[in-house]
Amino acid sequence: MKKLSVIGLVSNREELMEKLMTLGVVEITDQEDKLSDSQWHEMVARDSDEQTVAEFESQISRVSQALSVLEKYGTGKKPLLHTKKPITLREFQKALERKQQIEEKVAHINSLSARHAELTNSINKTQSLKLSLEPWIEYDVPLEEKETSTADIILGVVPSTVDALQFINELEEKVPESMAKLLKSDAEQHYIYVVCLKEKRDDADDVFRTYGFSKVHFGDMKGTVKENISALEKKVEELTAEKVQIEESIRGREGDSEDLELLYDKLVILRDKAAIRQNLLVTKKTFYMSGWLPAKAADKVSSLLEEVGCYYQIEDPEKGEETPVLLLNGGFSTPFEAITKLYALPDSRSIDATPFFSLSYAIFFGMMLGDAAYGVVLAVITGLVLKKYKLEGMKYQLIKMFFFCGISTAFWGAMFGGWFGDLVAVVGKTFFNADVSIPPIWFSPLDDPMKLLLFCFLLGGIHLFIGMGLNGWLSIKDGRPLDALFDVGLWYLLLISVTLLLVGIVPTVAKWMAIIGAVGIVLTGGRHKRGLGKVIGGFGSLYGITGYLSDVLSYSRLLALGLASSVIASVVNNMGSFGGPGIKGVILMAVAFIIGHTYNFAINGLGSFVHSCRLQYVEFFGKFYVSGGEAFQPFGENTKYVDILREEN
Amino acid sequence: MNIVFENLLFNGVFLAMAGAAVAALAGIGSAIGIGIAGQAAAGVISEDPKKFGQTLILQALPGTQGIYGLLIAFLIMTKIGLLGGDGLLDITMAQGAYIFASGIPVGLVGIFSGIAQGKSSAASIMLISKRPEELAKGMVYPAMVETYAVLALLISFLMLNGIQV
């Protein structure tokens, strides 16, 4: 990363921003800290164009709302993976000459969707009104008849906890000039209508109060309840029909989504261009900006700045200064950056672990999935996806990584002789009564698991040593060679000698190496502590050998998971063979094959992914990796739907 | 009567099959673990149905114990000739007892690690409900638990592999 500072004329600002955006390799940093510095504060002010940003924001939200409406009601099939559509700059600009029209389309779609929401709302309202009328369906007096000249007609409910008959009896007893009828009861209440003489109304109200009778009003509804209900039903029907119609016309607008996407991306570009001015400082006639750019892009950026006519400075960051982090790796390692990113980006002052673990990741994954046929399937599927879709970013890296892992799986599977487990042998035996099998190139782990276990420990040892070595190298680079010697060199000595002792090669030399290593660790382990801590720290540090032991043992999962997938595969094959020869047997075999191997592939593929990650994250990263960097976010065209192609000139 | 009963229980084949049964008990742990994770996952889905795929991956993680148990049970059954081969082999009491012992690690560790892993998966599901981008980290925590099920599987396998029949 290089640090960039630019001073230019305000009149050139637009042009520069436009070109930087197209180039897309410069991160323009926020100038908050400079503004709080009084010296800067006197001279400059923050440039900004909030009004324009807000205007674009609201346009963007309108377009994205219309797009989501189209997606919701559209029938268009979504592709499995979202990719950006390539489009030339000229086509892009030409399409946007119709901006006015596209905006009208957006407005139209949004108005349709607003009407749709309105309809949904009134359908709900009508339906709940209808529901509230339904209990009264037997009441056949028109609702506008609320009284006669001498009597009141009262509709109301009492809670279901009250005995309705008792209420009616008491009412008729206390106010003989009245009559009540229970229409219906449900879980919550009893629906009752009462007719009583107007002059006795006060007495009736007393009874109402005792029983918690509450009146129900139907507003200015006319006609009987039955008539009302059927009117409401008709209304719901009409509204629903209109709703369906609107959904259809939204669907008819689906062809517009392409235009809308173009407009969306254009608006995002314009908004970003306006928003970046937040990060500039201006005087009356000049502006200032600073930021970061990858060292590789320095030439391009400086020629661009010359062209626009700005004063600029590109320099290395100061020692210890934090910079944004951009991972750059070779062709094989690049996809494995995904694993690093899933953990956390490295601190800008430390190193990127990716190139150091990419190979071992593929090896571990391959050994754990451990079946050549699974590997071929994985590589073919991911290969096809890579060929068919133009993916980018994290998705591309993960798929490409699984492609490499698939190749590695095929390799290890062939070494260990697993092709869908022992499918060939089982099929041969069941259907052809023949003794055939694909022999392993190296050996079959089921025959000699101890050999593979030791091989796993060996791989683990190498993996750990690489991690420790990186730790030592970082210490040396940092100007602390003694730390490298004490914390890594002595451990190398001790661990190698212990291994030699275990295996029994050159025991005397190994013994002395072990003693030197162990004593050295006890003497130096507590060097950063004081007093008694030095002694305790030294022994504590030596006790760390248990940590290395468990680290190495952890690699036994390579064997165990590899066995798991190959044994499950043979369980599947075995189950398939229960049908014996003949057509039934073939069908059973096919069913067991498809279901069983798909399941085994999925669950063990997931396991291999997770456990390879764990070996890297816990065992390897734990030795040296410093995370915590901020990702490099260049100012560029952050389009969502299209990829704008420019002819190189 | 007594003698017949003894013959039935204390013979090599029965002990070996009991070993396979114990190994398969690891499925208890997986079932409970997946259940715990499933409860958490359903809660997350009620808020955001789009996370179904992610939560399903995390929910599947405690399922491996059951598979390891199945694996050892299957190997035991193959070893004594119950599956494939030429019918039941003649297993002595001692051999049967050894095979029984080899089924214990994966079965016992599977039960407890499956439950523990389920809890850890549930916590990871909660994690991705708030930070879906941290799925990888959420997968590593349950994998830490699984290590011990893997080790038990390895011990069971090596023990079984060492027994001569």
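## A walk through chains A and B

Among contacts in chain B between residues at least 6 apart in sequence, 84% join residues at least 24 apart. Keep in mind as you look around that this is a predicted model.

**Stop 1: chain B on its own.** Hide chain A for a moment and colour chain B by secondary structure. You will find seven helices and zero strands, so to speak a plain α-α-α-α-α-α-α run when you start from the N terminus. Now turn the chain around. What does the C-alpha trace span along its principal axes? The answer is about 60 × 30 × 25 Å. The radius of gyration of chain B is 19 Å, whereas a compact globule of 165 residues would have one near 15 Å. If you colour by burial, 53% of the 165 residues of chain B count as buried.

**Stop 2: where the chains touch.** Bring chain A back. The contact is made by 22 residues from chain A and 23 residues from chain B. On the chain B side, select α4 (52-60), α5 (64-79) and α7 (135-162), each of which supplies at least two residues. Which of the helices of chain B gives the most to this side? Pick α7(B): its share is twelve residues.

**Stop 3: the sheet in chain A.** Move over to chain A and show strands β5 to β8. They belong to an open sheet of four strands, in the order β6-β7-β5-β8, with antiparallel pairing. At the edges sit β6 (178-185) and β8 (214-215), each pairing on one side only. Next, select residues 151-159 and 189-197 of chain A: these are β5 and β7, an antiparallel pair joined over nine bridges. To see one facing couple, click A:I153 and look across to A:V195 in β7(A).

**Stop 4: helices on the sheet.** Add residues 164-174 of chain A, which form helix α7. This helix packs on the sheet, where it touches β5, β6 and β7 of chain A, and its direction makes about 170° with that of β6(A). Then add helix α8 (residues 201-211) of chain A, which lies across β5, β6 and β7 and runs at about 165° to β7(A).

**Stop 5: a pair of helices.** Finish with residues 99-133 and 225-252 of chain A, helices α6 and α9. Two packed helices are described by the distance between their axes and the angle between them. Here the axes come within 9 Å and cross at roughly 160°. Angles over 145 degrees count as roughly antiparallel, and α6(A) and α9(A) are therefore roughly antiparallel to each other. Their crossing is left-handed.

How values were computed: Residues are numbered from 1 along each chain as its sequence is written. Chains are lettered from A and ligands numbered from 1 in the order in which they are written. This is a predicted model: local features need pLDDT of at least 70, side-chain atom pairs count only at pLDDT 80 or more; totals for chains, interfaces and linings use all residues. Two strands pair if DSSP finds at least two bridges between them. Two residues are in contact if their C-beta atoms, placed from the backbone, lie within 7 Å. Axes are lines fitted to C-alpha atoms, for helices over the stretch in contact, and angles run from 0 to 180 degrees between N-to-C directions. The radius of gyration is taken over C-alpha atoms; the globule rule is 2.2 Å times the number of residues to the power 0.38. A residue is buried if 20 or more other C-beta atoms lie within 10 Å of its own, exposed if 12 or fewer, and partly exposed in between; C-beta atoms are placed from the backbone. Angles under 35 degrees count as roughly parallel, over 145 as roughly antiparallel, 65 to 115 as roughly perpendicular and the rest as oblique. A crossing is left-handed if the near helix is turned anticlockwise from the far one by less than a right angle, and right-handed if clockwise.
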